[in-house]
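Here are my notes to go with your first look. Keep the viewer open and follow them in order.

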Amino acid sequence: MKLDLAVIGQGAVTPAGIGIDALLHGKPVQTEIAPLGQPDKTWPVLRVNPKDPAFSRWQREPRLRRASPIAFFLVEAAEQALTGVSAEDRKETGLIVAFSAGCLVYSRRFFEGIIKQGQRSASPALFPETVFNSPVSHVATVLGLNGAAYALVGDESAWVGALQTASVWLQMERVKQVVVLGVEEFDPLVLDAYRSVRWLRRQNSAHGFLTSEGAAGVLVRRGESGRPRIISTRDGFIYRTQSQAAAAAEKLLDQIDPKLPLYPTAKNNWLGPVEEKATQDRCLLSTKDQPYLGEAFTASAAWNTLRALRRLSPETPQVLLPIWGLNHQLAFLQLGNGNS
Amino acid sequence: VKLKVVVTGMGAVTPLGVNLATTWDALIAGKDAQVPLELFDTSGCRCHHAASAKLPPLPDFSSKALRRLSRTSRLAIPAAREALASAGLLDAEGRSLARELPICVSTTSGGMAFGEDFVRRILAQKRSHLYSQIARYLPQQQVLDLQQALQFSGPSVIIANACASGANSLGHAAELIATGAADYVLAGGFEAITELVFVGFDSLQATTTDRCRPFDLHRSGLLIGEAAAFLVLESEEHAQKRCATPLCRLTGYGHTTDFFHLTQPKPDGGALIEVMRAASAQAEITPAQIGYLNAHGTATPTNDGVEAKAYQTFLGDALGPTRISSTKGAIGHTLGAAGSVEALFAIHALRTGKLPPQLNLREPIPEVAKTLVGANEIATDLQHVMSVNLGFGGSNAALVFSRSDTA
């Protein structure tokens with residue numbers, strides 16, 4: 001699908017710090033956290049620092065009083081992407097957020113309350129905050145984004161769906177510009193989940209990923225020549241097993257120009273070997289100078305997009321970015337500099 | 001931008017029936033699907049009933065494969081097959097004839113029951129069957145279930161805009177077609193009743209312990225339901241090229257966010273009025289041309305009063321001639337599926353002239369008293385219908401469907 005989205009603004013919240021500089025050069029700190037179901041065993045986790053001064057400006061917002069970390073990550077990343085956009089222009093700005101697990105902290109807490117204290121004690125304050133689009137509503141309200149708002153769900157590839165949706169809204173002239181974000185928050189429950197599907201990295205092992213959290217996003221418009229661009233996408237290469245993923249990768253790569261440099265993204269997850277094999281004859285961009293930020297699903301997809309955009313130059317006018325969804329599908333983005 | 005999109009297929013599994021035809025017959029007959037809820041223990045809740053659906057058989061699935069399917073997928077697969085079959089896009093083995101088929105769906109909780117069971121087991125330190133539960137819990141797994149059961153692939157979008165999602169998924173699919181991103185899309189919504197969501201609404205005291213009575217002065221809350229509904233949307237050109245018969249056209253879509261409150265609409269219904277106006281403008285019709293409007297009508301004290309005011313403002317003199325009902329009195333609130341199921345009801349009304357009656361009404365809200373559909377009402381010469389939905393987070397959406405022979 002042709003998108004032709006000009007990237008006007010960017011924002012990032014990461015375990016290595018807040019902002020694009022932290023995304024590119026920051027040093028994340030690992031903490032050890034135990035899963036709910038195995039309190040005596042800890043796993044390394046990469047967390048966003050909740051006390052970062054960047055969050056303090058959002059603490060007094062009435063709509064964020066009860067909000068969980070996911071809303072704070074979102075509002076901060078969105079505000080960075082909207083830097084310089086007037087209040088008037090924000091009224092014609094759309095908002096699309098891609099989630100995987102969504103509002104996990106409150107969902108787990110709400111349901112754990114039902115199990116431990118009984119249905120009668122279920123919290124009416126928590127329940128509305130468990131809904132996928134609650135943080136989207138908070139962000140739209142706090143930042144005055146009067147345009148359309150969608151919450152999209154999926155694996156990493158939901159980020160690609162969000163960019164496609166932004167392109168559709170702009171073509172339909174529903175809004176003048178769109179903020180597109182990917183976001184995830186950490187809860188110890190995900191350690192139970194990822195451990196059960198063997199996705200976590202064991203100590204002294206190169207396989208598996210570190211669980212992470214954060215957000216990132218872009219402000220996109222049509223036109224605006226000279227800006228870095230998201231040129232096109234392809235998605236819908238579905239799989240459930242590693243062999244199906246290999247077939248999907250082969251099918252996808254058959255359809256794209258073999259000369260375009262590719263920014264690899266699957267190194268530390270179960271699809272790493274598939275990506276390595278499928279791209280062995282391709283020109284791969286080095287990612288060694290980038291800090292490892294762990295796996296935060298749609299946020300990771302957004303982080304990788306921002307990093308890949310930085311690789312564009314007159315010598316590298318286009319970059320292919322595969323988005324390996326960990327439990328549904330493979331997609332890719334074709335990125336270009338202002339002249340491509 | 002004008003939408004040149006036709007509906008060529010429809011299918012549904014609801015608390016009133018295992019397919020669209022049986023559902024529609026029961027709906028028009030005035031049946032109400034409220035039953036005691038048996039999916040899980042509700043002894044700690046105020047409310048103990050719901051509108052639960054009977055799962056259609058899936059004879060092509062082994063018992064092992066059926067165990068791996070979430071209840072949501074058990075509802076979604078037959079509904080999607082029915083929609084594709086009615087569009088002439090299903091083979092005799094229940095597979096899609098289109099190998100590449102974009103899909104746009106909505107849900108609020110996906111396969112949440114698997115997630116709930118996972119949490120129970122984790123907290124109880126039970127470690128068996130964890131993989132199969134967590135691997136099938138997220139909403140994209142229901143999409144993958146559909147893609148693998150019906151053997152198609154292609155782009156997918158999952159919209160989770162709370163209870164307006166089902167309308168968003170149809171509207172977004174229409175926009176994919178209008179912008180040339182797709183020739184046709186399987187679009188719809190699915191939702192199964194889960195404990196987290198049921199107890200959540202119960203904790204808000206939003207569920208009724210009485211009957212569900214939309215637009216009644218003495219309404220006391222909503223009835224939780226479950227369903228799956230799908231439509232095949234196509235560009236007019238694509239439908240013509242493959243000689244598909246259009247059932248109607250999707251001509252208008254409006255959506256916006258109400259900033260007023262996370263769970264309550266602005267008292268003047270401003271956001272709802274805005275989306276109805278936007279959808280009508282895109283369809284190039286006046287409010288008076290809307291013959292039937294399927295309302296959100298949850299039967300909660302706050303929602304229905306605001307909605308009634310919004311209809312009064314939006315319809316003006318057309319209030320009365322435009323007939324309105326909320327079908328949640330019959331099938332309950334199917335949350336992420338609601339917008340899709342209710343769009344199907346509006347389309348059936350458009351095609352047959354039969355209007356879904358406003359069930360369980362004793363004393364109507366005065367603002368809409370003269371416009372609510374009575375029993376056995378038939379409308380002649382319906383040209384356009386509207387379906388509207390609201391959701392948590394301030395999501396508002398409206399869709400306009402028009403007869404396929406209306407210019």
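1. Let's begin right after helix H7 of chain A, where A:Arg198 has a positive phi of about 60°. As background, most residues other than glycine have a negative phi. Do bear in mind while you look that this is a predicted model.

2. Now step back to H7(A) itself. Eight of its nine residues are buried, so the helix is largely enclosed by the rest of the structure. If you want to click through the buried ones, they are A:Leu189, A:Val190, A:Leu191, A:Asp192, A:Ala193, A:Tyr194, A:Arg195 and A:Ser196. What do these buried residues pack against? In chain A, the partners are strand E3 (30–33), strand E4 (43–46) and helix H4 (104–117), while chain B supplies its own H4 and helix H5 (130–135). Watch the chain letters here, please.

3. The packing of H7(A) on H4 of chain B (residues 112–123) deserves its own point. Two packed helices are described by the angle between their axes and the distance between the axes. For this pair the angle is about 100° and the axes are 11 Å apart, and therefore H7(A) and H4(B) are roughly perpendicular to each other. On the chain A side, the contact uses A:Leu189, A:Asp192, A:Ala193 and A:Ser196; on the chain B side, B:Phe118, B:Val119 and B:Ile122 take part. Sorted by class, that gives five nonpolar residues, one polar and one charged.

4. Two loop residues on either side of H7 in chain A are worth a look. A:Asp187 sits in the loop between strand E7 (177–184) and H7. Is it buried or exposed? With a relative accessible area of 1%, A:Asp187 is buried. Setting aside neighbours within four places in sequence, A:Asp187 is in contact with A:Leu104, A:Val105 and A:Arg108.

5. The other loop residue is A:Thr211, between helix H7 (188–196) and strand E8 (214–221) of chain A. A:Thr211 counts as buried because its relative accessibility is 2%. Leaving out residues up to four places away in sequence, A:Thr211 touches A:Pro44, A:Val45, A:Leu46, A:Phe186, A:Val190, A:Leu191, A:Tyr194, A:Leu200 and A:Glu295. Try the pair A:Thr211 and A:Leu293 too: they are 82 residues apart in sequence, with their C-alpha atoms 8.8 Å apart in space.

6. Staying in chain A, have a look at helix H6 (residues 158–171). Its 14 residues should span 20 Å at 1.5 Å a residue, and the end C-alpha atoms are 20 Å apart, which agrees. H6(A) is mostly covered, with 13 of its 14 residues buried. After H6(A) comes A:Glu173, whose phi is positive, near 60°.

7. Another helix pair in chain A is H2 (residues 69–81) with H5 (residues 134–143). Their axes come within 9 Å and cross at roughly 40°, which means H2(A) is oblique to H5(A). The crossing is right-handed. H2(A) brings A:Ile70, A:Ala71, A:Leu74, A:Val75, A:Ala78 and A:Glu79 to the contact, and H5(A) brings A:Pro135, A:His138, A:Val139, A:Val142 and A:Leu143. By class, nine of these residues are nonpolar, one is polar and one is charged.

8. Over to chain B for two more positive phi values. B:Gln205 has phi near 55° and lies in the loop between helix H8 (195–203) and strand E7 (227–235). B:Leu335, also not a glycine, has a positive phi of about 55° and is found in the loop between helix H12 (328–331) and helix H13 (338–352). Which is buried and which is exposed? B:Gln205 is exposed, with a relative accessible area of 53%, whereas B:Leu335 is buried at 5%.

9. Finally, B:Leu355. This residue is in the loop between H13 and strand E11 (384–391) of chain B, and it is buried, with a relative accessible area of 2%. Ignoring neighbours within four places in sequence, its contacts include B:Ile28, B:Tyr292, B:Arg323 and B:Val373. B:Leu355 and B:Leu27 are 328 residues apart in sequence, but 9.3 Å apart in space, C-alpha to C-alpha.

Definitions and conventions:
Residues are numbered from 1 along each chain as its sequence is written. Chains are lettered from A and ligands numbered from 1 in the order in which they are written. This is a predicted model: local features need pLDDT of at least 70, side-chain atom pairs count only at pLDDT 80 or more; totals for chains, interfaces and linings use all residues. Side-chain values use heavy atoms; hydrogens and water are left out. Axes are lines fitted to C-alpha atoms, for helices over the stretch in contact, and angles run from 0 to 180 degrees between N-to-C directions. Helices (H or I, at least four residues) and strands (E, at least two) are DSSP runs, numbered from the N terminus. Angles under 35 degrees count as roughly parallel, over 145 as roughly antiparallel, 65 to 115 as roughly perpendicular and the rest as oblique. A crossing is left-handed if the near helix is turned anticlockwise from the far one by less than a right angle, and right-handed if clockwise. Contact means heavy atoms within 4.5 Å. Ala, Val, Leu, Ile, Met, Phe, Trp, Tyr, Cys and Pro count as nonpolar, Asp, Glu, Lys and Arg as charged, and the others, Gly among them, as polar. The expected span of a helix is 1.5 Å times one less than its number of residues. Buried means under 20% relative accessible area, exposed over 50%, partly exposed in between (1.4 Å probe, protein chains only).
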